[in-house]
Structure formats: C-alpha cells, structure tokens
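Colleague: I should be grateful for a close look at a single part of this model, namely the way its opening helices pack. Please set the answer out for a first-year student.

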Amino acid sequence: MSTTDEAAVKRLLELINLDDSAAVEAQWVAFEEELDAQSDDESDDEIELIWIIKDVIDWESGFFVDWKDTESFISCIETLVERVDISIDWGVDDPDDDEFLDNTSVPDLMETAFEQLRTHGYTLWNWATDSDCYGGWIAKSTDDEEMLSISEALGVEFRTGDLPF
C-alpha cells in the first residue's frame, strides 16, 4: 500500500467516525491486520482497499446492504445516526412495516436520509460497489470536498446519497 493510499484510508476513517478517535484507531488496526492477511495471499495490485474498509466499518460507521434489503438499510442508518443524535423520518409511523418495506427501495431511502441529514450538517455517501449492493457512510457536510478527494485517491467513485449508484 502506498503512502498516499495509507493517508487516504486513515483520513476516510477519521471523517466517517465523526471525531471518535477510539473507533478510528480500532478500525485502523483491523484494516492493517486484514491488509497484511490479504498481502500474504495476493499481490498488491489485486488488493482492493475499499473492500477491506467495508469489512472493518460495517454497521459501526458504514453500511453495506443488498439492493432490495430496505429493512437492513433502515436499521443500519438508524444505528449510524444515533451517534450524532439525529433521527430520520422515513415518512411512515412504522418503518419496519412489511408493506412499507416492500413498496420502497434502498435508493429512495438513501435519498430520504440524505435530505434529512443535510439539514443537520451531515452527508450520506455511497460508493460504487460494482455489484447489486449499496455501501456507504455518513460524514460532516463540511468535509464533502475532502471526501471527493479521498474518492479520487482510492480510485473508487463516491457519490452523495441523493445520487445512488
């Protein structure tokens, strides 16, 4: 891993952990351990850093859900926004209602969460998984430009939640 990649990963962890230095440190250690394990098995050119990041942040400071798993998306986003004392209004009394979950989509829910988070100074991000899943995180809106720079440094496209892949 290059110094540029290392700095980008570390900074991404800082931004998505919203000033929680203990979480950053724990995830950085987990990232390095997984990177070392994968480096033993593959050449550096084959290692995709974003997938290691996904594994170390999942459900703690990021989400990764199947394209139709609206229930898990809501649950994970609600867990993530608890860290900043925000609640998302999904537009229904019971967001766990099967009828609601069946009649909405992860992109629709991402847009709802994005719009509400923006009013509180946060941005919901998603990244190009190149699969039928959605992955992403939340960061402060003041860090939007830096997030795009990290995207470029890591070679993975990031988009705001109002533009899901």
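Modeller: A crossing of two helices is called left-handed if the near helix is turned anticlockwise from the far one by less than a right angle, and right-handed if the turn is clockwise. With that in mind, please note that the structure is a predicted model.

Let us begin with α1 and α2. Helix α1 passes α2 in a right-handed crossing. The two axes come within 9 Å and cross at roughly 145 degrees. On the side of α1, the contact is formed by Glu6, Val9, Lys10, Leu13 and Glu14, and on the side of α2 by Val24, Glu25, Gln27, Trp28 and Phe31. Sorted by class, the residues of this contact of α1 with α2 are five nonpolar, one polar and four charged.

One participant deserves closer attention. Glutamine 27 belongs to helix α2. Its relative accessible area is 3%, and a residue under 20% counts as buried, so glutamine 27 is buried. Apart from neighbours within four places in sequence, glutamine 27 touches Leu13, Asn17, Val56, Ile57, Glu60 and Ser61. Among these partners, Leu13 is one of the α1 residues in the contact with α2.

The next step is to follow α2 to α3. Helix α2, residues 21-41, packs with helix α3, residues 49-57, at an angle of about 135 degrees, and their axes are 9 Å apart. The pair is therefore oblique. Here too the handedness can be stated: α2 passes α3 in a right-handed crossing. From α2 come Gln27, Ala30, Phe31, Glu34, Leu35 and Gln38, and from α3 come Leu49, Ile52, Ile53, Val56 and Ile57. By class, the contact of α2 with α3 holds eight nonpolar, two polar and one charged residues. Gln27 and Phe31 are thus listed in the contact of α2 with α1 and again in the contact of α2 with α3.

Glu34 gives a contrast to glutamine 27. Glutamate 34 also lies in helix α2. Its relative accessibility is 30%, so glutamate 34 counts as partly exposed, whereas glutamine 27 is buried. The C-alpha atom of glutamate 34 is 8.7 Å from that of valine 56, although 22 residues separate the two along the chain.

Helix α3 itself merits a further word. Seven of its nine residues are buried, so α3 is largely enclosed by the rest of the structure. Those buried residues are Leu49, Ile50, Ile52, Ile53, Lys54, Val56 and Ile57. Leu49, Ile52, Ile53, Val56 and Ile57 are also the α3 residues that make the contact with α2.

The backbone just beyond α3 has a feature of its own. Most residues other than glycine have a negative phi. Tryptophan 59, just after α3, instead takes a positive phi of about 70 degrees.

It remains to return to the start of the chain. Methionine 1 is found in the segment before α1. Its relative accessible area of 34% lies between the limits for buried and exposed, so methionine 1 is partly exposed. Methionine 1 and isoleucine 47 are 46 residues apart in sequence, while their C-alpha atoms are 9.0 Å apart in space.

Finally, α1 has another helical partner. Helix α1, residues 3-16, packs with helix α7, residues 144-154, at about 145 degrees, with the axes 9 Å apart. In this pair the crossing is left-handed, whereas the crossing of α1 with α2 is right-handed. Helix α1 contributes Thr4, Asp5, Ala8, Val9, Arg11, Leu12, Leu15 and Ile16 to the contact, and α7 contributes Glu146, Met147, Ile150, Ala153 and Leu154. Nine of the residues in the contact of α1 with α7 are nonpolar, one is polar and three are charged. Val9 of α1 is listed both here and in the contact with α2.

Definitions and conventions:
Residues are numbered from 1 along each chain as its sequence is written. This is a predicted model: local features need pLDDT of at least 70, side-chain atom pairs count only at pLDDT 80 or more; totals for chains, interfaces and linings use all residues. Side-chain values use heavy atoms; hydrogens and water are left out. Axes are lines fitted to C-alpha atoms, for helices over the stretch in contact, and angles run from 0 to 180 degrees between N-to-C directions. Helices (H or I, at least four residues) and strands (E, at least two) are DSSP runs, numbered from the N terminus. Angles under 35 degrees count as roughly parallel, over 145 as roughly antiparallel, 65 to 115 as roughly perpendicular and the rest as oblique. Contact means heavy atoms within 4.5 Å. Ala, Val, Leu, Ile, Met, Phe, Trp, Tyr, Cys and Pro count as nonpolar, Asp, Glu, Lys and Arg as charged, and the others, Gly among them, as polar. Buried means under 20% relative accessible area, exposed over 50%, partly exposed in between (1.4 Å probe, protein chains only).
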